[in-house]
Amino acid sequence: MKVGDHPIRGYLYIGTAALFWGIAATLGRAVFTGRIPGLRLGAIDPLILSQSRTTISFLVLLPILLVRRGSAALKVPRPDLVRFLLLGVLGVAASNYLYYLAIQRTNVAIAIILQYTAPVWVLLYAVLRGGPRPSFRRIAAVALAVAGCALAVGFVGAGRLTLDALGVAAALLAAFSFAFYNVGGHTVLARYDRWKVLLWVLASAAAFWIFINPPWKIWAAHYGRTQWAFMLIFSLVSVLGPFSCYFAGLQHLEPTRAVVASCLEPVFSIVIAAIALGELLRPLQTAGIAIVLIAIVLIQWTESASSGLDVVIEPIE
């Protein structure tokens with residue numbers, strides 16, 4: 001089948017991934033602010049939390065696939081291993097690390113809005129690659145998605161902003177990484193099912209994190225059972241669940257549509273935080289949520305996936 005034959009299924013997958021990430025964002029915010037009722041979790045270093053997300057997810061997924069498919073079913077040619085390595089390191093691991101660095105150096109609003117300029121870079125890549133000129137509707141949808149995120153996260157009307165050069169650079173690089181694994185993931189998913197791609201991407205990201213933060217440093221932190229249990233749950237909610245859904249969505253949507261739909265993540269984060277943590281939902285945030293939804297409808301209303309990135313994708317199951 002060709003990309004775009006089942007766009008509704010693709011949007012459902014991407015929306016589910018965004019919901020997972022929204023839940024994970026609320027969990028992370030609750031942990032760092034100590035707002036989990038009845039649970040004394042203790043401090044978890046953000047670097048180790050980021051590292052554990054991919055490493056634990058890989059350790060959970062590997063034996064499941066080995067039992068179901070055997071080792072032969074997981075083998076891929078060496079050139080494609082290099083592609084998976086790049087996706088894992090420059091895509092998943094880099095976007096995650098740079099996003100947290102941006103939050104540390106600036107604030108959440110700046111980090112999110114700059115990271116969610118990714119639809120712009122995906123659209124520019126499609127044009128520079130020699131694809132057809134994007135329609136006005138497609139450009140408008142991308143612009144609305146970015147503007148909606150800006151309103152939803154409180155970037156507009158937030159008062160004085162802290163613009164740290166390193167933090168801004170990190171957030172922009174996170175956006176490039178996000179755009180990279182949308183385009184790169186879409187390409188490899190044309191030839192492999194999402195579980196094999198996810199396994200090797202997680203393996204690459206986990207290996208990268210071990211190089212950055214060796215196991216003995218984690219051991220020296222002396223985390224307890226409750227903290228490890230939380231990291232296991234957090235890994236399933238923030239990585240294994242959403243990425244499996246997101247890669248499935250990329251098999252039905254070309255990258256521009258997928259990355260615009262991913263802008264539902266900050267929307268879900270805000271709504272879930274409002275329900276679970278009692279955080280106030282301001283009128284501008286509500287307007288931002290509505291604009292993101294309009295952008296998703298608009299990007300689907302464009303001509304049938306004509307960004308020049310259509311590829312033939314076979315059914316995966």
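Q: Which word describes how H5 and H7 lie to each other: roughly parallel, roughly perpendicular or oblique?
A: In this predicted model, the axes of helix H5 (residues 118–128) and helix H7 (residues 165–188) come within 8 Å and cross at roughly 50°. Angles under 35 degrees count as roughly parallel and those from 65 to 115 as roughly perpendicular. The crossing angle is in neither range, so H5 and H7 are oblique.

Q: Which residues of H7 make the contact with H5?
A: H5 passes H7 in a right-handed crossing. On the H5 side the contact is made by Ala118, Trp121, Val122 and Tyr125. On the H7 side it is made by Ala175, Phe176, Phe178, Ala179, Asn182 and Val183.

Q: How many residues in the contact of H5 with H7 are nonpolar?
A: The contact of H5 with H7 has no charged residues. One residue is polar. Asn is not among the types that count as nonpolar or charged, so the polar residue is Asn182 of H7. The nonpolar residues number nine.

Q: Is the packing of H5 against H6 roughly parallel or roughly antiparallel?
A: H5 and helix H6 (residues 136–152) have axes 8 Å apart and pack at an angle of about 155°. An angle over 145 degrees counts as roughly antiparallel. H5 and H6 are therefore roughly antiparallel.

Q: Which charged residue takes part in the contact of H5 with H6?
A: H5 contributes Pro119, Val120 and Leu123, and H6 contributes Arg138, Ile139, Val142 and Val146. By class, these are six nonpolar, no polar and one charged. Arg counts as charged, so the residue is Arg138.

Q: Which side chain forms a polar contact of 2.9 Å with Arg138?
A: The partner is found in the loop between helix H10 (225–250) and helix H11 (255–261). Its relative accessibility is 0%, so it counts as buried. The residue joined to Arg138 by this polar contact is Glu254.

Q: How are H7 and H10 oriented to each other: roughly parallel, roughly perpendicular or oblique?
A: The axes of H7 and H10 are 9 Å apart, and the helices pack at an angle of about 60°. The roughly perpendicular range runs from 65 to 115 degrees, and roughly parallel means under 35. The packing angle of H7 and H10 is therefore oblique.

Q: How many polar residues are in the contact of H7 with H10?
A: H7 passes H10 in a right-handed crossing. The contact is made by Phe178, Tyr181, Asn182, Gly185 and His186 of H7, and by Phe243, Tyr246 and Leu250 of H10. By class, five residues are nonpolar and no residue is charged. The polar residues number three.

Q: Is Ser52 buried or exposed?
A: Ser52 has its place in helix H2 (residues 46–69). Leaving aside neighbours within four places in sequence, Ser52 is in contact with Ser57, Met231 and Ser235. Its relative accessible area is 6%, and the cut-off for burial is under 20%. Ser52 is therefore buried.

Q: What is the C-alpha separation of Pro283 and Leu151?
A: Pro283 is found in helix H13 (residues 283–301). At 69% relative accessibility, Pro283 counts as exposed. Along the chain, Pro283 and Leu151 are 132 residues apart. Their C-alpha atoms are separated by 9.4 Å.

Q: How far apart in space are the C-alpha atoms of Ala165 and Thr106?
A: Ala165 lies in helix H7 and is exposed, with a relative accessible area of 64%. In sequence, Ala165 and Thr106 are 59 residues apart. Their distance in space, C-alpha to C-alpha, is 8.9 Å.

Q: Which exposure class does Ile212 fall in?
A: Ile212 lies in helix H8 (residues 194–212). Ile212 and Leu47 are 165 residues apart in sequence and 9.8 Å apart in space, C-alpha to C-alpha. Ile212 has a relative accessible area of 38%, so its class is partly exposed.

Q: What percentage of the residues in the protein chain is buried?
A: The protein chain has 13 helices and zero strands. Among contacts between residues at least 6 apart in sequence, 91% join residues at least 24 apart. Of the 317 residues in the protein chain, the buried share is 52%.

Methods
Residues are numbered from 1 along each chain as its sequence is written. This is a predicted model: local features need pLDDT of at least 70, side-chain atom pairs count only at pLDDT 80 or more; totals for chains, interfaces and linings use all residues. Side-chain values use heavy atoms; hydrogens and water are left out. Axes are lines fitted to C-alpha atoms, for helices over the stretch in contact, and angles run from 0 to 180 degrees between N-to-C directions. Helices (H or I, at least four residues) and strands (E, at least two) are DSSP runs, numbered from the N terminus. A crossing is left-handed if the near helix is turned anticlockwise from the far one by less than a right angle, and right-handed if clockwise. Contact means heavy atoms within 4.5 Å. Buried means under 20% relative accessible area, exposed over 50%, partly exposed in between (1.4 Å probe, protein chains only). A polar contact is a pair of N or O atoms within 3.5 Å; within protein, one must be able to donate a hydrogen and the other to accept it, and residues adjacent in sequence count only if both atoms are side-chain atoms.
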